[in-house]
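Visitor: Could you walk me through this model, feature by feature? I would like to learn how to read each one.

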Amino acid sequence: MSTTDMSTVAPACKANISSAGRRLRTRFGVLWLIVSGVLLFALMALEAPWYCRLLLFVPATLSAVGFLQVSRSTCIRRAAEGTFEHEDLTMTKAPDAEVAASRKVAAGIRRDMILVGLAGAAIGVATVALR
């Protein structure tokens, strides 16, 4: 038996979001990126202590989730529901093989959005040294 037996090869992840959904998620990512920047400058202007700057984790994470879903063509909510999003933003059930693949991609998105959020918080804390 070959090591590349077709029964053991995971299917490629098909996009579970539509182009309309991509536009919404891109706007979401941009909005939260702007909020992150405004919050960073406000915290710097107020000379907020380092622990207040940890708040940057939230908008940085939200911005990342929008951009990561678009770049990976996978919505973490659609993956959890096992659905596919259409142009009119309605959903239909996705085939089980595609759901398994999209859930794997969604797990990577969750991991990476947390890492981006931590990086955002670290940048905020590092700005304390700029005083």
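Guide: We will go through helices, loops, rings and empty space in turn. This is a predicted model, in which local features need pLDDT of at least 70 and side-chain atom pairs count only at pLDDT 80 or more, while totals for chains, interfaces and linings use all residues. Residues are numbered from 1 along each chain as its sequence is written, and side-chain values use heavy atoms, leaving out hydrogens and water.

Visitor: How many residues does helix α4 have, and what span does it reach from its first C-alpha to its last?

Guide: Helices are DSSP runs (H or I, at least four residues), as strands are (E, at least two), numbered from the N terminus. The expected span is 1.5 Å times one less than the number of residues. Helix α4 covers residues 96-126, which makes 31 residues, and it reaches 45 Å, close to the 45 Å expected. With 27 residues, α1 reaches 39 Å, close to the 39 Å expected.

Visitor: Which residues of α4 are buried, and what covers them?

Guide: An α-helix has 3.6 residues a turn, so residues three or four places apart point the same way. Buried means under 20% relative accessible area, exposed over 50%, and partly exposed in between (1.4 Å probe, protein chains only). In α4 the buried residues include Val-99, Ser-102, Ala-106, Ile-109, Met-113 and Gly-117. Their cover includes α1, α2 and α3, where contact means heavy atoms within 4.5 Å. On α1, the buried residues include Ala-20, Arg-25, Gly-29, Ser-36 and Leu-40, and the buried residues of α1 pack against α2, β1 and α4.

Visitor: Which residue just after α1 takes a positive phi?

Guide: That is Glu-47, at about 50° although it is not a glycine. Glu-47 sits in the loop between α1 (19-45) and α2 (57-71). Ser-73 is not a glycine either, and its phi is about 55°. Ser-73 lies in the loop between α2 and α3 (76-81) and is buried, with a relative accessible area of 18%.

Visitor: How many aromatic pairs are there?

Guide: A pair of aromatic rings is described by the distance of the centres and the angle of the planes. Rings of Phe, Tyr and Trp (its six-membered ring) pair if their centres lie within 6.5 Å; planes under 30 degrees apart count as stacked, over 60 as edge-to-face and the rest as tilted. The count here is two. The rings of Trp-50 and Tyr-51 have centres 5.8 Å apart and planes at 85°, so this pair is edge-to-face. Trp-50 is partly exposed at 48%, and Tyr-51 is exposed at 51%.

Visitor: What lines the largest pocket, and what lines the largest cavity?

Guide: Rolling a probe the size of a water molecule over the atoms shows where empty space is left. On a 1 Å grid over the protein atoms alone, a cavity is a set of points where a 1.4 Å probe fits but cannot get out, and a pocket is an open set with protein on both sides within 12 Å along at least five of seven lines; lining residues have an atom within 4 Å of a point. Grid points are joined across faces, edges and corners, and a volume is the space filled by probe spheres set on the points.

The largest pocket holds about 160 Å³, and its lining includes Leu-33, Leu-56, Ala-60 and Ile-123. Helices α1, α2 and α4 each supply at least two of its lining residues. The largest cavity holds about 60 Å³; Lys-14, Arg-78, Phe-84 and Glu-98 are among its lining residues. Here α4 gives the most, with three residues.
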